[in-house]
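I opened this model for the first time today. These are my notes, in the order I looked things up.

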Amino acid sequence: MKPLRHRLKVHDRYHVELKLRYALSRERPRENLEAELFFFLPASLDVNSGNYRQEEFYQDLHAYTRYGTPLMSLDEMLDAENERSPLARVARLRAQQGGATDEARARVVYELRVLAAIVRVQYRLESKKLRALLKAPTGEGGPARAVEAADALLERARRVSARLRELRAAWVAGARALEMARGFDYVDESLSLLLQELCAKLHRRFARYAPEDERARALRARLAAAIQDEDEHRLRACYPSLATAGASFAERRANEYYLYRKGVLKKFAQSVLFLNVRTGQGSRGAFYGLYALAAMTAMFVYVGAILFFFPSGQLDSLSAIVLAIVAYALKDRIKEGMKHYFNARMTGILRDRESRLVDRGPGQVEVGRSAEAFSYVPASRVPREVLELRDRSELSEIAEDGAPEVVLKYQRSTAVYAERVFQVRQRVDQLDEILRFSVANFLRHMDEPRKGLVAARQARAPGESGAAPRVRLRHVTALKVYHVNLVLRLRRGGAEPPVLKRYRLILTRDGIVRVEDHDRAKALALKPPEAAPADAASSPQLGPAPAEARSGI
């Protein structure tokens, strides 16, 4: 069984993105998966149930569910006998049906979009391999092997684009289906842009890691020629995705449209892997029933108090009216208290939202369900292993003056019907859930993001070798940051132990500074320090605090 995979990264200034990847197996017809995300917020952020409610949390959270992109090498894509290859499937459809039916043409467009999605991932993986070769010692890799691998990659990539254009000519000639012709055009343009982006990336890397190598210099010339070839191809095909180097208004607009169109083409290819998420009310009906129970209990107390103190039902005195008002107020407090109790205690049992995961294919097959819940939880209800991983340090306690952190809990349960997935998607073997969260509401009460500091340094002026060093003051600017710790707990149905991971968000009022991986920070803290130079052993540390001091904040 493949392990559960996860990754947290900064998406932009105000959003972090958590990607969860679940492997699917034909031996397990149903997968039950659960993800819990605990936000440990410092009290100074002033986030509480009164000013940040459940509705606002879900407005800040955007969730996407999609199939993982099938992995396929460029050679496998070019293999005409490979039944999984989109190129081979498009050619087979042409040979079998000649594009005579709407179903065949729709299938061709689907395979083309899958092709663009696979090529994007494969180019990224091949680029990473080349970077590793370039950075490796000469005996293990180096420029020579990297140049050979880059040449082979460029040749295969060009063959993929050429094969697509051959199929386009065969399908579109005489065809009346506008949608299919557009599909070929969009994917052809997308592959041209991807190849150009790949060549540009490789050109930069070889210029950086092997600037003086003759073979690398010749490769860079070939890569530049390939970039020019793709520009000319898109110009001949009348594709409007051409970047310009000028500074005029029209040229700036052209580059603006270039980026916009590039993003649209990316969505055109990748959206074929996304699932339709049809969200419902979840356990709202159960919550409304509990709220009704709270209201009935409060009303029972109110009516009971009136009948107890005034058996005759006569409220004919001031004291009687005051007692009735107090009983009515008590009724309201009882109702609200019970509602709060149910909200706190039912998280993990009742759900805020439930969604059906529906494949976008012609059959609209339901391939899974998901449920979500959000709440504020006291430290006493946080699982012990989560609290141990959070591990508040003495420094963080001092920073918050002993005030307890506010803990938010988001829980997401997903049931995947793997058997149905394999019936409609033969090449898919994994499911991705992408959670994009905005931290903008956490920034409202932060201080100014930059603070001035004074640093003292000892220095000797030129020619003052024997004189005592003078103290020089330097005014510097530092960021006023806040730390939000995240603990992720992943569980798969069955007896498998949960997967635990801790991250730290470093925030300022301007947004996200970075995301820190707790395991890496801990490894740095445990790394033996290098021996300090003799003349620096007694000098004060004026730079950032060492990793040992930072790791527990």
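**Notebook: a helix residue, a sheet and a pocket**

I began with Ser-127, which I found in helix 4. I should say at once that the model is a predicted one.

Is Ser-127 buried or exposed? I looked up its relative accessible area and read 1%. Buried means under 20%, so Ser-127 counts as buried. I then listed what Ser-127 touches, leaving out residues up to four places away in sequence. The list holds Leu-198, Lys-201 and Arg-205.

**Second entry: Leu-33**

Next I went to strand 3, residues 30–41, where Leu-33 sits. Its relative accessible area is 3%, so I put Leu-33 down as buried too.

Which residues does Leu-33 touch, once those up to four places away in sequence are set aside? I noted Leu-4, Tyr-22, Arg-412, Ser-413, Thr-414, Val-416, Arg-491 and Arg-492. I also checked Leu-33 against Ala-415. In sequence the two are 382 residues apart. In space I read 6.3 Å between their C-alpha atoms.

**Third entry: the sheet**

I turned to an open sheet of four strands. I wrote its order down as 1-2-9-4, and the pairing is antiparallel. Which strands lie at the edges? They are strand 1 and strand 4, each pairing on one side only. Neighbouring strands here are turned against each other by 15 degrees on average, with direction ignored.

I followed one pair further. Strand 2 and strand 9 are joined by nine bridges, in the antiparallel sense. Along strand 9, I found Gln-430 opposite Ala-23.

**Fourth entry: the largest pocket**

Last, I looked up the largest pocket. Its volume comes to about 1600 Å³. The lining is made of 40 residues, and the closest to the pocket centre are Arg-7, Lys-19, Arg-66, Arg-124 and Gln-270.

Which elements supply at least two residues of this lining? From the strands I listed strand 1 (5–10), strand 2 (15–23), strand 4 (61–67) and strand 9 (430–438). From the helices I listed helix 4 (102–135), helix 6 (178–209) and helix 8 (249–270). Helix 4 gives the largest share, seven residues. That is the helix where I had started, with Ser-127.

How does the lining divide by residue type? I noted 21 charged residues, 10 nonpolar and nine polar.

One link closes the page. The strands of the open sheet, 1-2-9-4, each appear among the elements that supply at least two lining residues.

Notes:
Residues are numbered from 1 along each chain as its sequence is written. This is a predicted model: local features need pLDDT of at least 70, side-chain atom pairs count only at pLDDT 80 or more; totals for chains, interfaces and linings use all residues. Side-chain values use heavy atoms; hydrogens and water are left out. On a 1 Å grid over the protein atoms alone, a cavity is a set of points where a 1.4 Å probe fits but cannot get out, and a pocket is an open set with protein on both sides within 12 Å along at least five of seven lines; lining residues have an atom within 4 Å of a point. Grid points are joined across faces, edges and corners, and a volume is the space filled by probe spheres set on the points. Ala, Val, Leu, Ile, Met, Phe, Trp, Tyr, Cys and Pro count as nonpolar, Asp, Glu, Lys and Arg as charged, and the others, Gly among them, as polar. Buried means under 20% relative accessible area, exposed over 50%, partly exposed in between (1.4 Å probe, protein chains only). Contact means heavy atoms within 4.5 Å. Two strands pair if DSSP finds at least two bridges between them. Axes are lines fitted to C-alpha atoms, for helices over the stretch in contact, and angles run from 0 to 180 degrees between N-to-C directions.
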